Amino acid sequence: MGGIKPKECYRGVVEISLYIGEAYKNQGIGTALLMELVKKSEENGIWTLYASIIRKNNASIAVHKKCGFREIGIRGKIAKMSNGIWYDTVLVERRSKKIGID
């Protein structure tokens, strides 16, 4: 078996993760970083950003929605934490209104 070879048709689709330390939450940092990421992604030909967020992480889901993401699905018991507990994740995506609209 070889390594994973990205398919050309997905070259404008990127999975993202955003983590904000406890000491920095509720200061608008997540929103600022995510909006900058959206801007830079479009400048670099990325038409879709997507993320998988632990379902109970309402703050992260809210920040993503604030930045133009929408929920596209739920993955049941996909994330097993170090404490042995399984969690569902919410899949969110943001489609550019500038890139990949042809």
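Here are some questions and answers about a predicted model.

Me: Is R94 buried or exposed?
Reply: Let's place it before judging it: R94 sits in strand β4, which covers residues 86-95. Buried means under 20% relative accessible area. R94 comes in at 17% relative accessibility, so R94 counts as buried.

Me: Which backbone oxygen does the side chain of R94 reach?
Reply: Start with the surroundings of R94: leaving out residues up to four places away in sequence, R94 touches V38, E42, W47, T48, L49, C67, G68 and F69. For a polar contact, the N or O atoms have to be within 3.5 Å. The R94 side chain gets to 3.4 Å from one backbone oxygen, and that oxygen belongs to C67.

Me: What is the relative accessibility of V38, one of the residues R94 touches?
Reply: V38 belongs to helix α1, residues 29-43. Neighbours within four places in sequence aside, V38 is in contact with L49, C67, F69 and R94. V38 counts as buried because its relative accessibility is 4%.

Me: How many bridges join β3 to β4?
Reply: β4 also pairs with β2 (residues 48-54), in the antiparallel sense, and there I53 has V90 as its bridge partner in β4. Turning to β3 (residues 70-80), β3 and β4 run antiparallel too, with R75 bridged to T89 of β4. The number of bridges joining β3 to β4 is 7.

Me: Which residue in the turn of the β3 and β4 hairpin has a positive phi?
Reply: The hairpin leaves 5 residues between β3 and β4. In that turn, a positive phi of about 90° belongs to G84.

Me: Where on helix α2 are S60, I61 and H64, on the same side or on opposite sides?
Reply: S60, I61 and H64 are the ones to look at in α2 (residues 58-66), where they are buried. They cover an arc of only 100° around the axis, so they lie on the same side of α2. N58, A59 and K66 are exposed, and those sit on the other side.

Me: What do the buried residues of α2 pack against?
Reply: The buried residues in question include I61. As for partners, one helix and three strands are named: the buried residues of α2 pack against α1, β2, β3 and β4.

Me: Which residue just after α2 takes a positive phi?
Reply: α2 covers residues 58-66, and the residue we want comes just after α2, with a phi of about 95°. It's also on the list of residues that R94 touches. That residue is G68.

Note on methods:
Residues numbered from 1 in each chain as written. Predicted model: local features only at pLDDT ≥ 70, side-chain atom pairs only at ≥ 80, totals over all residues. Heavy atoms only, no water. Helix = DSSP H or I, 4+ residues; strand = E, 2+ residues; numbered from the N terminus. Buried < 20%, exposed > 50% of the residue type's maximum accessible area, 1.4 Å probe, protein only. Polar contact = N/O pair within 3.5 Å; in protein donor to acceptor, adjacent residues only side chain to side chain. Contact = heavy atoms within 4.5 Å. Pairing = 2+ DSSP bridges. Arc of directions from axis to C-beta.
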